[in-house]
Structures are given as structure tokens and as C-alpha cells.
Amino acid sequence: MSVGPPLWLLAELTYRCPLHCVFCSNPTEFAATGAELATADWLRVLREARALGAVQLGLSGGEPLARDDLEPIIAAAHSLGYYINLITSGVGMTEERIRAFKAAGLDHIQLSFQDSSRELNDFLSSTRTFELKSRVAALIRQYEYPMVLNVVLHRLNIDHVDEILAMAERIGAEYVELANTQYYGWAWLNRDHLLPTRAQLERAEAAAQRVRARLGSRMQIFFVVPDYFETRPKACMNGLGSVFLAVTPDGTALPCHAARMLPGLTFPNVLESDLRSIWYESEAFNRFRGEGWMKEPCRSCPERHKDHGGCRCQAFLLTGDAANTDPVCDLSPHHHLVTEAVARAERAAAAAGNGTPSAGPGTPAVVSRPHELVFRDHRISIAVEHGSGATAGGQARGES
Ligand code: SF4
Ligand code: FES
């Protein structure tokens, strides 16, 4: 099998983050990871990945602005010829920094909001950051970056799509990504509270479509449907080890940002190996390349070239075996795990009084019961690492 180069390099510069989002995709055990790479290590990673063929660079975290060496990292990436995207909550952005980023050659800033209302934005991140984000949005425009907003959708804010898009229009967004939560990391712990209902999803898509029709190309809206509502999985990472390479704050190289949880694999570290050998030779990057690892029904399925059997992390989280067919696929013998989760979400939403048309776009009831959610937190991360079961409502979660 011929292996192409990594095209995408995701540099997760730090797991430090002032926010505590309930849907964070960082590993729940982030507190147990090693020391962050030094600036010189990151510069070497950039050079090695570029030499391999990487062209797109994502700078993320945690909150990448927590690193005080972003400016030299951006400057080095720019001189190497990367297209550089900073993925940020905005916390830590100042006019001085954005001016320095512009001078260093940063191409693109993606700013996240949690909601259009201050109350829910601040609740979901457990911080008071709504006003700050609005100020950062103004800075992004002032420095003539394309205005790119990202709002992660879930049961608690998906009824606000009209308001979110009105906010996006007010602040002059050119691109809005309404990305339904992917259930890894902290979002996995909170899945039963975050999974929307089908009715919510349909209303939200219709709302996005109305705004699209009204604004045309003035504001591009990307609505990413949660795959739990599909019958075919996403071609996650275009297949592991195909185009995507993530490096975590401590230098662990991963074929997808969530892959560290996959059992039976030893992930190499950029402090010990060069990226060329990591990409082409390591077991971690080869294990799920191609189709040889597939089990039935993927192994003989005519659609396997299209979706590569779906998402390995999701297959592992839901079935305990990363080589299984992603249970989102309705040909999977485990598909019931997905439909049962959706059914549970429908029942929970009905009981909580959200997710129904009559509930409208108000504040979800869980805001008054924050103990039902697990907020990304250093202390809880340590508890998760030690297996003391910090899950929503203090209960270990099961699949039934
Ligand atoms: Fe894709 Fe596997 Fe489902 Fe076929 S069986 S559609 S390859 S996930
Ligand atoms: Fe890891 Fe899909 S998130 S393979």
C-alpha cells in the first residue's frame, strides 16, 4: 500500500485552558500528560512535518494563546510556507498580540463562542468570557482577518441557531461553523446531557437553511450533523494515518487528536523519534492504514473505500474494539448502541423540559443544575486518571 504524506499538522500546543467547556474534545486525562514541548522542539516539528509535505497547520490546545511563544512559532511556520490557522476561544488575545501575529504571518483565526447569550456562553465554559469574545471578534475584523466563528452545538444550545446566526451576522462573520458535538473526551462524559433530539436537529438545520437563503454568499454557514443521527459514518480523518498528524503538548504524535485512548498502541514521541519515521514506520500510524485491519461487515463492504469503516475512536468508545465497524453504520451489529443513546437522549430531554418545540430558545433547565454536567477541569482530570469515576451526576456511565 502506498502511503502519502501528512497534509495536515495539528499542533496542540498546550492543554492549559482558562475555559471549562462541557464538550471539550481534549482527553479527560489531560492532567497526566508530560511537560509541554519547548519552543525549539515545536520549531523542529514544524520543519520535519513541512519536509514530509504538510501544508496546513492548525495551532490549537487547550488554549494556544496560553503559550507565550506563539509569535515565534507562527513566524517560523510562515517562513516554512504553511497556511496557519489559530483555533482559539479568544482568551488571552490582545491588540498587541494580534498585531504581532499579523506581522508574523498568521493566515486565519477561528474564534469559538459557546452560545449567543451571555448566560449560556458563560455557563457552558464556566467562565465570564462572552464580552471578551465579542471584543476579540472586533479585533479580528480590525486586523482584516476573515471572520470565522465556530459554535459547537448540542442539546443545550441547538435551539438558539437563529440567535447564534443573528449574532454572527452582527459581528460580520464570513464563515460560521455550526459543528455538532463529537462525543470524545469531556463530551463523552456528558453525552447523555448533550446529545440533541431529532426534532431539535431538524429545527436547527431548517433555521440554518433559512439564514443561508437570506444571506447567500455574504455568510457561509457550515452545519455539521451529529453522526449519531446518520446511518453511515463519517470518513474520520480520511482514514487513520492517511493525511492527518497531531502532536500533543508533550510531543506525543497521534494519527487523530483523540487516538491516545486507543488500547494496544504505543504512540511515539517527537522527542524520541523524527516525524518521518513516526509517520511511515511506527506501528501506531500503520495499525489502521489501508483495509487489512477491517473486520466484517466493513471488510467486504463496497462502501469501505468511501468511509474507511468510520471512526476508530468512536468504534472503541462504543464497542470496546477500535477495529470494529463504527456503530453509526446501520450495517454494524452494534448500531443499536447509537440508536439507544439517541433514544435515551430523547427521554432525558423530554424529562428535563428541553428539546421540545414548546421549550423554545430559552435557557435550558440544566443551567440551574450544573452538578449534572462534568466541566473540563484539572482536578477532575486527575480523578479520571486515577479511575475515581468523575462522570455526570457522579455515576459511572454504562451503555444501557
Ligand atoms: Fe462503511 Fe463499514 Fe458501514 Fe460498509 S459496513 S458502510 S465500510 S462503516
Ligand atoms: Fe479518532 Fe475518529 S476521532 S479516528
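I take two residues to be in contact if their C-beta atoms, placed from the backbone, lie within 7 Å. The model I am reading is a predicted one.

**Core.** I began with Ala 11 and, leaving aside its neighbours within four places in sequence, I found it in contact with Trp 42, Val 45, Leu 57, Gly 58, Leu 59 and Val 247. I then looked up the largest nonpolar core, which has 103 residues, and noted that Ala 11, Leu 149 and Cys 256 are those with the most contacts inside it.

**Sheet.** I traced an open sheet of nine strands, whose order is β7-β6-β5-β4-β3-β2-β1-β8-β9 and whose pairing is mixed. At its edges I found β7 (220-224) and β9 (253-254), each of which has a single partner strand, so one side of each is left without a neighbour in the sheet.

**Strand β5.** I turned next to β5 (residues 148-153), where five of the six residues are buried, so this strand is largely enclosed by the rest of the structure. On one pairing, I counted four bridges that join β5 to strand β4 (residues 108-113), the two running parallel; here I noted Val 151 in β5 as the bridge partner of Phe 113. On another, β5 pairs with strand β6 (residues 175-180) over six bridges, again in the parallel sense, and I noted Asn 180 in β6 as the bridge partner of Leu 153. Following the chain from β5 to β6, I passed through helix α6 (residues 161-170), and the β-α-β crossover made in this way is right-handed.

**Thr 88.** I located Thr 88 in strand β3 (residues 83-88) and asked whether it is buried or exposed. Thr 88 has 24 C-beta neighbours inside 10 Å, and because the cut-off for a buried residue is 20 or more, it counts as buried. Leaving aside its neighbours within four places in sequence, I listed the contacts of Thr 88 as Glu 63, Pro 64, Leu 65, Met 93, Ile 109 and Leu 111. I also checked Thr 88 against Gln 110, which stands 22 residues apart from it along the chain, and their C-alpha atoms are separated by 6.2 Å.

**Ligand 1.** Last, I asked which residues are the closest to ligand 1. Of the 14 residues that surround this ligand, the closest are Cys 298, Cys 301, Glu 303, Arg 304 and Cys 329. Sorting the shell around ligand 1 by class, I recorded six nonpolar, three polar and five charged residues.

Key
Residues numbered from 1 in each chain as written. Chains lettered and ligands numbered in written order. Predicted model: local features only at pLDDT ≥ 70, side-chain atom pairs only at ≥ 80, totals over all residues. Near = placed C-beta within 6 Å. Nonpolar A, V, L, I, M, F, W, Y, C, P; charged D, E, K, R; others polar. Buried ≥ 20, exposed ≤ 12 C-beta atoms within 10 Å, placed from the backbone. Pairing = 2+ DSSP bridges. Right-handed = clockwise from strand over helix to strand, strands pointing away. Core = buried A, V, L, I, M, F, W, Y, C linked by C-beta atoms within 7 Å.
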